[in-house]
Amino acid sequence: MGNRPVELRALLDSVAAQRGPAVEVVVVANGAPLPELPEGVRGVEVPENLGIPGGRNVGIEAFGPDGRDVDVVLFLDDDGLLTLDDSAEKLREAFAADPKLGIVSFRIADEEGLTQRRHVPRLRASDPMRASRVTTFLGGASAVRSAVFATAGQLPGEFFYGHEETDLAWRALDAGWEIDYRPDVVLRHPRTLPSRHATYNHNVARNRVWLARRNLPAPLVPVYLGVWFLLTLARRPSGDALRAWLRGFAAGWREPAGPRRPMRWSTVWRMTRLGRPPIV
């Protein structure tokens, strides 16, 4: 968005400091002017804010259709920092060792080295240092094999913000890919609350409905959304937050969700075995 020039430069320096072959870098200015970039870093300026998934899709296409000019695409938030200089090497080794590995989700740690529970992409999140196979990933701290985009599609641009990673993750799982959470690949990121975004409550509710309508077998759609409706009420959001959430929930049913491609029941069972059936 062009409002973090110091943090962006620090991130780019941390990428340049990675061991092994140089990492090709593209900065997407999403509805903002491109900042001054270091030599060798490409920039793409988008005239309007396409939202998080739309901006990331622009970045994918900067490496050829569906990113096919490279093996793996990394997504890094502009206020993040790769604290270890062997992160790229670990990712190269992981993808080379497992041809079915499609996505790697990094550990996000704050300035004190702590990882928020919501940044561990599984239900059993008490130990952020435990690696595991998972069913979703963290969009701004991740690596995706470019072949995933060719087989499962890119991020859903219409989501703008919220659950876009889960939408892609579910499609990737249904296409036969694996997703790993790797705590030894770390992105330092300031501690924040997702509710800092003005449209947070509306979008997460609307996109939750879209996620179900697009991807789940019909019998699971009301179960999944019913569980999340009750969980939201149990968390006792403020009056304003709840009203925005309910408006978003209604919009998710009223507005087009995009193409419907329900996952196979074998994928539902696979997700269940991984500890997160697609009802929670």
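Here are two short exercises on the spaces inside this predicted model, each with a worked solution.

**Exercise 1. The enclosed space**

Work out how many cavities of 30 Å³ or more the structure holds, and describe what lines the largest cavity.

*Solution.*

1. Start with the count: one cavity of 30 Å³ or more turns up.
2. Next comes volume, and the largest cavity has about 40 Å³ of space in it.
3. Now go round the wall. The lining of the largest cavity is made up of V15, Q18, V23, L74, L82, S87, A88, L91, F106 and V185.
4. Sort those residues by class: eight are nonpolar, two are polar and none is charged.
5. Finally, look at which element gives the largest share. That's helix α3 (residues 87-97), with three residues of the lining.

**Exercise 2. An open pocket**

Find the volume of the second largest pocket, then say which residues lie nearest its centre and which element gives the most to its lining.

*Solution.*

1. Volume first again: the second largest pocket comes out at about 240 Å³.
2. Its lining has 14 residues, and A152, G153, R171, N215 and R261 are the ones nearest the centre.
3. Then check the elements. Two or more lining residues of this pocket come from each of α4 (146-152), α5 (164-174) and α6 (200-215).
4. Pick the top contributor: α5 gives the most to the lining of the second largest pocket, three residues.
5. Close with the classes, where the lining of the second largest pocket splits into six nonpolar, four polar and four charged residues.

Note on methods:
Residues are numbered from 1 along each chain as its sequence is written. This is a predicted model: local features need pLDDT of at least 70, side-chain atom pairs count only at pLDDT 80 or more; totals for chains, interfaces and linings use all residues. Side-chain values use heavy atoms; hydrogens and water are left out. On a 1 Å grid over the protein atoms alone, a cavity is a set of points where a 1.4 Å probe fits but cannot get out, and a pocket is an open set with protein on both sides within 12 Å along at least five of seven lines; lining residues have an atom within 4 Å of a point. Grid points are joined across faces, edges and corners, and a volume is the space filled by probe spheres set on the points. Helices (H or I, at least four residues) and strands (E, at least two) are DSSP runs, numbered from the N terminus. Ala, Val, Leu, Ile, Met, Phe, Trp, Tyr, Cys and Pro count as nonpolar, Asp, Glu, Lys and Arg as charged, and the others, Gly among them, as polar.
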